[in-house]
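Hi there,

Here is the structure I promised to pass on to you. My notes on what turned up in it follow right below.

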Amino acid sequence: MTQYNVTGMSCAACSTRVEKAVSAVDGVSNCAVNLLTNSMSVEGTADSFAIIKAVENAGYSATVKGSSDKSERTTDNTSDKGDFSVLKKRLLTSMIFLIGLMYVSMGHTMFAFPLPVYFKDNPVALGMVQMILASIVIIINGKFFVNGFKGFIKKTPNMDTLVALGSGASFVYSVWSVFAISDAAVGGDMALSFSYLHNLYFESAAMILVLITFGKMLEAHSKGKTTNAIKSLMDLSPKTATVLVDGRETEIDASMIKKGDVFIVKPGASIPADGIVAEGHCAVDESALTGESIPVDKGVGDTVSAATVNRSGFIKCEAVKVGEETLLSQIIKMVTDASATKAPIAKVADKVSGVFVPVVMAIAAITMLVWLVCGASFGYALTRGISVLVISCPCALGLATPVAIMVGNGVGAKNGILFKNAAVLEHTGKTEIVAVDKTGTITKGEPGVTDVIPAEGTDKAELMKLAYSLEAKSEHPIAKAIVSKSLKDDILLLESEDFEVFPGNGLSATVEGEHIFGGNKDFVSGYIESFDGMTDIADKLATEGKTPVYFGRGGTFAGIIAVADSVKDDSAESIQNLKDMGIKVVMLTGDNKKTANAVKEKTGVDKVIAEVTPAGKEEAVRMLKTQGRVAMVGDGINDAPALTAADVGMAVGGGTDVAIDAADIVLMKSSLADVVTAIRLSRATLKNIRQNLFWAFIYNIIGIPLAAGVWIPMWGLELSPMFGAAAMSLSSVCVVTNALRLNFFKSSKQTNKIKQKSEEKTMEKTIKIEGMMCPHCSGRVKTSLEQIDGVAEAVVSHENGTAIVKLTKEVSVDLLKSAVEEQGYKVVNY
């Protein structure tokens, strides 16, 4: 996917036309234009020159985004501030002349403000001054006219066209009226000359431009806030790095660090690149990348990431990923790429935006014609037509979806949840079934050896040596547990040959010329004739939640090693949260059924599909898809086919690169709580988009008839062009502001903490008591209450006449009341 900067767009009509123009280029398979960020993402084989040419032919300009260009990134980071500053300056300058114009045109008639004597008897001078002041405001805001008429000439009218036509029509008609005033004055008919002053709409022409500029300024300010999450990620990059050159510490610009460089990080300093710890120990704050506030201990051999902070300790690291390759850069790229894509729900707005401006221009023309036919003056009919032009707002339609997507992606990134595109952000909330891999997802993925049970003729040391030699080359969590146990017990490692992995089943190799193998029961049974009656032992281990791994050599059974993996602390709560949201939770695992059922009992999953291979997991996901929309959560290579097959694939951040590449969402914290958060965030974002689209559509549905004067005959409701311009300005601001509400979204963990505090608060009762006169009275009531089972503490005050009772469980109010009254006091309220 190639990204481009697009300039000259002012509304949804513009972005729609650019999209259509580029989509028509040979070799373009997909094109998405983002009005919010003035960017475009293009997929396909088309040449960039052809794409830029298509954009220019549509009336706009485009350049290829250079992702490695630091200056461009800086420009992107400050463009909203630049737009805001330019618009603010334009607005303030325009206001100076607008105030003078309003004073001359309306101040003396509406508020009896004084005018120079020269103007009182000189309607021509009065008209000329208004024309000059309005001309200055038009020149200051000439961008509307340049872009508007350029679009009109190229048959691609946009919002600027509507503004330019509305303001321009007011100005031209007013200029004609000035000539009429002059003509009447020259003819000596001063009464007629003064009467033409009522046909001047210079203040409307200027006010429309000023109000639209004001709205654009507010919009730029609000739009700047929608990208705060991305900007804050960019700002995390450390500016300097301390590297070792010939054994000496040298401080350099962080961008100059290269792969293989050795850098040091002292307490309180940011890590400048992704690296591997070569020396030392420290506690690293990774909250900027994962959202997890608790520092992570790092030692020799552990990986560290750029932009994380060393909270304590000293480390020396070797840089392995720098610049655009770092995890931080990849996160920024993922978030910006997702924000540049378009959600399917935006298609409705795009279709409307494509014909919106021409339809509005037609409605304005018909409005004028109808009022003229009904006998209204030309000036009044023109006013109605101008009101239609300036109140119509395609911007709100164009911003409704991208602002919510941008903020939603930013909120996700702050919580360690990365959506790869806008469609995923939209669809995740529609999940009906969550399929979850067991090892490393529900469980910690760090199993330990619990039992070593050798077969007859083999001792424990021999079984461990056989298992160690077989498992040493495997990356599976079970293999790591056996290797860890072997290293701890100083087991001898024998060199293995012909090592082969059978995903989801087991391993085989040749050691000292002998064929050895290990894995699940079905796999090992293919190599041996009997398990020597040990299957009952294996079944008992499985019911305890342990995973029995069978081993053999030649054609002989060697024994069983049991491995157990503990369930993550938040897994059961997260699964319950999913079920409370109406989502069915299914656990997929290659483990045996008894072990899987033991985990089911601990976590409360709805269904278990055990003893499945990677291909079996994919088939299970496809089967589940016949029952509803499926989200698959996994972390390993063996989960990749299932992640791809699911409607939405979620890879936990601690997983393999293959799983992360296959997934649609990356969960940086490797927690099931983030699955809940991702689904809730998707639902909140989709709800926000629907609110924005409703507002954008209903605004135009109500506003255009009101501006056209449809309700004047019935209720006398009339809208001036100035109020129409104000409404148009605020409509986009309302849409952007509504999207910014997503920043108040709480993650699953934050919600659970709030809920827990609320529950703690409700486990507290206050009792009003009469009759306590002294501390001795308070002590008697306190002792009586605290003897009740479930009362943790009673804080009694004879001065306030209250007893605040803190409970560890639900306790009957009648029981509390009886305890107080037994001491001779009266309970009056509780």
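A polar atom in the side chain of Ser682 lies 3.4 Å from the backbone oxygen of Glu426. Please keep in mind throughout that this is a predicted model. Ser682 sits in helix H27, which covers residues 673-708. With a relative accessibility of 0%, Ser682 counts as buried. Leaving out residues up to four places away in sequence, Ser682 touches Leu425, Glu426, His427, Thr428 and Gly429. Glu426 is thus one of the residues in contact with Ser682, as well as the one whose backbone oxygen faces the serine side chain.

Helix H27 comes up again in the nonpolar interior. How many residues does the largest nonpolar core have? The count is 138, and the residues with the most contacts inside this core are Met40 and Met650. H27 gives the most to this core, namely 13 residues. Met40 has a long list of partners beyond its neighbours within four places in sequence: Thr2, Gln3, Tyr4, Val6, Val18, Val22, Cys31, Ala32, Val33, Ile51 and Val55. Apart from this core lies another one, of 23 residues, with Tyr468, Ile478, Ala481 and Val483 among them. As a general background, nonpolar side chains in soluble globular proteins tend to be buried together.

Ile482 is worth a look as well. Ile482 is found in helix H19 (residues 477-488) and counts as buried, at 0% relative accessibility. Not counting residues up to four places away in sequence, Ile482 touches Val449, Met464, Ala467, Tyr468, Glu471, Phe551 and Ile561. Tyr468, one of these contacts, is also among the residues of the 23-residue core. If you would like a distance to check your viewer against, take Ile482 and Thr250: their C-alpha atoms are 43 Å apart in space, and the two residues are 232 apart in sequence.

On the outside, Val710, Met714, Trp715 and Leu717 make a nonpolar surface patch of about 430 Å². Val710 belongs to the loop between H27 and helix H28 (712-715). At 41% relative accessibility, Val710 counts as partly exposed.

Now for the charged pairs. A search of the whole structure finds 21 salt bridges. One of them joins Arg311 and Asp285, with 2.9 Å between the closest N and O atoms. Arg311 is in strand E11 and Asp285 in strand E8 (residues 274-285), so this pair ties together parts that are 26 residues apart in sequence. Are the two partners buried or exposed? Arg311 is partly exposed, with 48% relative accessibility, whereas Asp285 is buried, with 12%.

Another salt bridge is formed by the side chains of Asp451 and Lys546, at 3.0 Å from N to O. Because Asp451 lies in strand E14 (residues 448-454) and Lys546 in strand E18 (residues 546-553), the pair ties together parts that are 95 residues apart in sequence. Asp451 is partly exposed, with a relative accessible area of 22%, while Lys546 counts as buried at 18%. Lys546 also meets the side chain of Glu544 in a salt bridge, here at 3.3 Å from N to O. Glu544 has a relative accessible area of 36% and is partly exposed. Through shared partners, salt bridges join Asp451, Lys540, Glu544 and Lys546 into one network.

Finally, two backbone angles for your list. Most residues other than glycine have a negative phi. Which sign does phi have in Ala307? The value is positive, near 80°. Ala307 is in the loop between strand E10 (303-304) and strand E11 (309-321), and at 4% relative accessibility this alanine counts as buried. Strand E11 is also where Arg311 of the salt bridge with Asp285 lies. Asp498 has a positive phi too, of about 50°, although it is not a glycine. Asp498 lies in strand E15 (residues 496-502) and counts as exposed, at 60% relative accessibility.

Happy browsing, and best wishes!

Conventions. Residues are numbered from 1 along each chain as its sequence is written. This is a predicted model: local features need pLDDT of at least 70, side-chain atom pairs count only at pLDDT 80 or more; totals for chains, interfaces and linings use all residues. Side-chain values use heavy atoms; hydrogens and water are left out. Helices (H or I, at least four residues) and strands (E, at least two) are DSSP runs, numbered from the N terminus. Buried means under 20% relative accessible area, exposed over 50%, partly exposed in between (1.4 Å probe, protein chains only). A polar contact is a pair of N or O atoms within 3.5 Å; within protein, one must be able to donate a hydrogen and the other to accept it, and residues adjacent in sequence count only if both atoms are side-chain atoms. Contact means heavy atoms within 4.5 Å. A nonpolar core is a set of buried Ala, Val, Leu, Ile, Met, Phe, Trp, Tyr and Cys residues joined through side-chain atoms within 4.5 Å. Patches are made of residues with over 30% relative accessible area and no salt bridge: like charges are joined within 9 Å, nonpolar side chains (Val, Leu, Ile, Met, Phe, Trp, Tyr) within 5 Å. Accessible areas come from the Shrake-Rupley method with a 1.4 Å probe; for residues, only the protein chains shown count as cover. A salt bridge is a side-chain nitrogen of Lys or Arg within 4 Å of a carboxyl oxygen of Asp or Glu.
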